[in-house]
Amino acid sequence: MAKVLILGGGTAGLVAGRYLTAEAKRLGIDVDVTMVTASERHYMPPLFMEVALGSAAPHETWAPIKNAEKVYGFKVDIDKVTDIDLANRHVKTESGKVYDYDYLFLGLGVKYVWDKYKGMNEYGYHNFTLDGAVELHEKLFQFKGGKVVIYTPEGPHRCGIYPYEMSLNLRMYFEHRGIEDVEITVVHPDKEPAIGLGPDLIRFFSREMEKARVKFIPNEGHVEITPNKVVTKNAEVEYDLLIKVPPIAIPDVMAFMADDKDPRWAKVKGPDFRYPDYDEVYIVSEASMPPLGLLTAGVPLHNAAIVASTSILHRIHGGYPVAEYAPTLCVGHGYNTGFSGNCEYEWKGNKYKRECYLLFKSPLVRLMKDSFYRGWLDSLRL
């Protein structure tokens, strides 16, 4: 029986676990799928922004990952990974357990490096954790008017459209509360909003931000954050409320797998997300997406998990078709509206080349997006 060990209970890990288990059952092959994850909760992080804005309660953002055993049929152990021994195919955990494997799927996400930039750890609020979202919600509720800055020191970061979506949602939030005296500014390393998604989405966000009276300032390099202003190489921007986007990097337990050229990311080879020199090891997290030219968000990770899972099944079963990296349908928030976009990919030998375009915009997309998140979590609730 082939043993597949999945590390991490986020989007990538859950997609891999259910896909491998379902397909092995359908094909009648013996595959032992075990997930090891540090948290009892499977979070849907995009809902953290809804918590901050008051449209979701904290308990709506997660479901018990242990339920995957009954819902999808693979084993889930709640434990923290402390060591990964690729040479001997062993993984050790905080409780002292040692797992062996034939195939290893790494979906451990990324860590936030708040102290990377001067002043970032000390000042500002965020919704990149549930606790952070609850704290930001309280600060927004107390806010009576003034200057709001959404600051990003570097890219790529988790969810590339977050600063723009958040700025547009904030304008709606303040309008619904009857607070007109609010100046909202996005400071971001991109030269234009959402530049990584191509001209259609640049135009969409630029127009939406203009309608919502959101100012955009390109960030040409971080200098410092003080108690009342963000200082970059090209601007000093005062704030009354600072919302910050964290730098990300490969998790500590995977530090030995970091890329020599850019140690924020993992060494990885495409098109199926394997770790060099260890063909049985797959890395599917935000730490492996930028080196392959891919976006750092849940839907791209979902697609990556399918590619890696089919590659594993191909090696176990033989002849199983390895999926191509599928076009990525994405939905997002605008100002009193929403959008649907699509990104198509082509493997170019060492990276994926992407082309993104706008499909349509409609207020209904906001409902589609929020319903998808809630439905995803409901599938794990018994």
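## Exercises on a small sheet and a surface patch

Strand 14 and strand 15 (residues 229-232) run antiparallel and are joined by 3 bridges. This is a predicted model, in which local features need pLDDT of at least 70 and side-chain atom pairs count only at pLDDT 80 or more, while totals for chains, interfaces and linings use all residues. Residues are numbered from 1 along each chain as its sequence is written, and side-chain values use heavy atoms, leaving out hydrogens and water.

**Exercise 1.** Find which strands stand at the edges of the sheet with the order 14-15-16.

*Solution.*
- Strands are DSSP runs (E, at least two residues), numbered from the N terminus, and two of them pair if DSSP finds at least two bridges between them.
- The open sheet has 3 strands, paired antiparallel.
- Strand 14 (222-225) and strand 16 (236-238) each have a single partner strand, so they stand at the edges and one side of each lacks a neighbour in the sheet.
- As a detail, E224 has V231 in strand 15 as its bridge partner.

**Exercise 2.** Decide whether L359 is buried, partly exposed or exposed, and name its patch.

*Solution.*
- Start with its place: L359 is in strand 23 (residues 352-361).
- Buried means under 20% relative accessible area, exposed over 50%, and partly exposed in between (1.4 Å probe, protein chains only).
- L359 has 43% relative accessibility, so L359 counts as partly exposed.
- With L329, F360 and M368, L359 forms a nonpolar surface patch of about 380 Å² of accessible area together. Patch residues have over 30% relative accessible area and no salt bridge, with nonpolar side chains joined within 5 Å.

Note on methods. Helices (H or I, at least four residues) and strands (E, at least two) are DSSP runs, numbered from the N terminus. Patches are made of residues with over 30% relative accessible area and no salt bridge: like charges are joined within 9 Å, nonpolar side chains (Val, Leu, Ile, Met, Phe, Trp, Tyr) within 5 Å. Accessible areas come from the Shrake-Rupley method with a 1.4 Å probe; for residues, only the protein chains shown count as cover. A salt bridge is a side-chain nitrogen of Lys or Arg within 4 Å of a carboxyl oxygen of Asp or Glu.
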